[in-house]
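Q: Could you take me on a close look at the largest cavity in this model? I would like to know what surrounds the space and how the charged side chains there are paired.

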Amino acid sequence: MGNETMKFPDSLPVEPMLNTVGNRGFKWYSNWQEELFCCSQCGWVGTVSLDNLEDPTACGASIECPQCHRRIGEVLFPNVRDTEEAAAQGNEAAIRELPKFRQQVAQAQVRIDRFKQEKIESANQLPELDDEMLEFTWDIADAAGEKYQVIRLGDAEIWRELAFFDSIPRFNQVKDLLRKKYGSRFKMLKPTEASQEWLCGDNAGKLFRLDHT
């Protein structure tokens, strides 16, 4: 359990409670790295660190047993409010990270405002097309350090707007606009392989439930 120096406390410490609950969540700015874990599968007992975090999502990451790699908990990633609260309580890590968080939020808001100005909102914004059967693709493209979701018909670009991670709701909105504009001539909006990660976020299984027509 490490080479920590043993110290005699002024009073008897409370016996630490072993955490055996696999789905217990810890806030990022908590004492999760000091918590004593016991793996119910292999019997390992000890503390964990950043090296034991696996399978990160937008919300958090799993804590794995260092010995058998069973999931023994979860750490929840902080948002700005979490960081502000922890900083107000004197958490040094939160105090250091708060300016960066606030800058990221400000940059994200600028991007959202730009998206609202540039996004397609009406079927009337779509071009007139002569084809009798319209099969569109939903693609992803890089330009000037930005990610764009691009609607194509064959090699022709029909529309482009800023891309956002995990954007299936937006995919469905655009598909409805295409159907409204082109009626029965609209046949499908199909994501390219390159766009799938941005479209589905951390859950690739969403692709199997995605309706292209």
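A: **The largest cavity and its surroundings**

The largest cavity holds about 40 Å³ of space. Please keep in mind that this is a predicted model. The count of cavities of 30 Å³ or more comes to 1.

Let's start with the lining. The residues around the largest cavity are Ile120, Trp138, Gln149, Ile151, Trp159, Arg160, Glu161 and Val174. By class, this lining divides into 5 nonpolar residues, 1 polar and 2 charged. Two strands, strand 8 (146-153) and strand 9 (156-162), each supply at least two of the lining residues. Strand 9 gives the most, with 3 residues.

Now for the charges. Side chains of opposite charge can pair when their charged atoms come close. Glu161, one of the residues lining the largest cavity, meets Arg170 in a salt bridge, with 2.7 Å from N to O. Is each partner buried or exposed? Glu161 counts as buried because its relative accessible area is 2%, under the 20% cut-off. Arg170 has 10% relative accessibility, so Arg170 counts as buried too.

Strand 8 leads us on to another pair. Arg114 forms a salt bridge with Glu146, and their closest N and O atoms are 3.9 Å apart. This pair links distant parts of the chain: Arg114 sits in helix 2 and Glu146 in strand 8, 32 residues apart. Arg114 counts as partly exposed because its relative accessibility is 29%, and partly exposed covers values between 20% and 50%.

What about the partners beyond this pair? Glu161 and Arg170 form their salt bridge at 2.7 Å, while salt bridges that share partners join Arg111, Arg114, Glu118 and Glu146 into one network.

Helix 2 also takes part in a salt bridge with helix 1. Arg102 and Glu84 form this one, their closest N and O atoms being 3.3 Å apart. Arg102 belongs to helix 2 (residues 92-118) and Glu84 to helix 1 (residues 80-88), with their positions 18 residues apart in the chain. Arg102 counts as partly exposed because its relative accessibility is 46%. Glu84, at 34% relative accessibility, is likewise partly exposed. For the wider setting, a search of the whole structure finds 13 salt bridges.

To gather the picture together: strand 9 provides 3 residues of the cavity lining, Glu161 of that lining is buried at 2%, and Glu146 of strand 8 is linked to Arg114 of helix 2.

Key. Residues numbered from 1 in each chain as written. Predicted model: local features only at pLDDT ≥ 70, side-chain atom pairs only at ≥ 80, totals over all residues. Heavy atoms only, no water. 1 Å grid on protein atoms, 1.4 Å probe; cavity = no way out; pocket = protein on both sides within 12 Å on 5 of 7 lines; lining within 4 Å. Points joined across faces, edges and corners; volume = space filled by probe spheres on them. Helix = DSSP H or I, 4+ residues; strand = E, 2+ residues; numbered from the N terminus. Nonpolar A, V, L, I, M, F, W, Y, C, P; charged D, E, K, R; others polar. Salt bridge = Lys/Arg side-chain N within 4 Å of Asp/Glu carboxyl O. Buried < 20%, exposed > 50% of the residue type's maximum accessible area, 1.4 Å probe, protein only.
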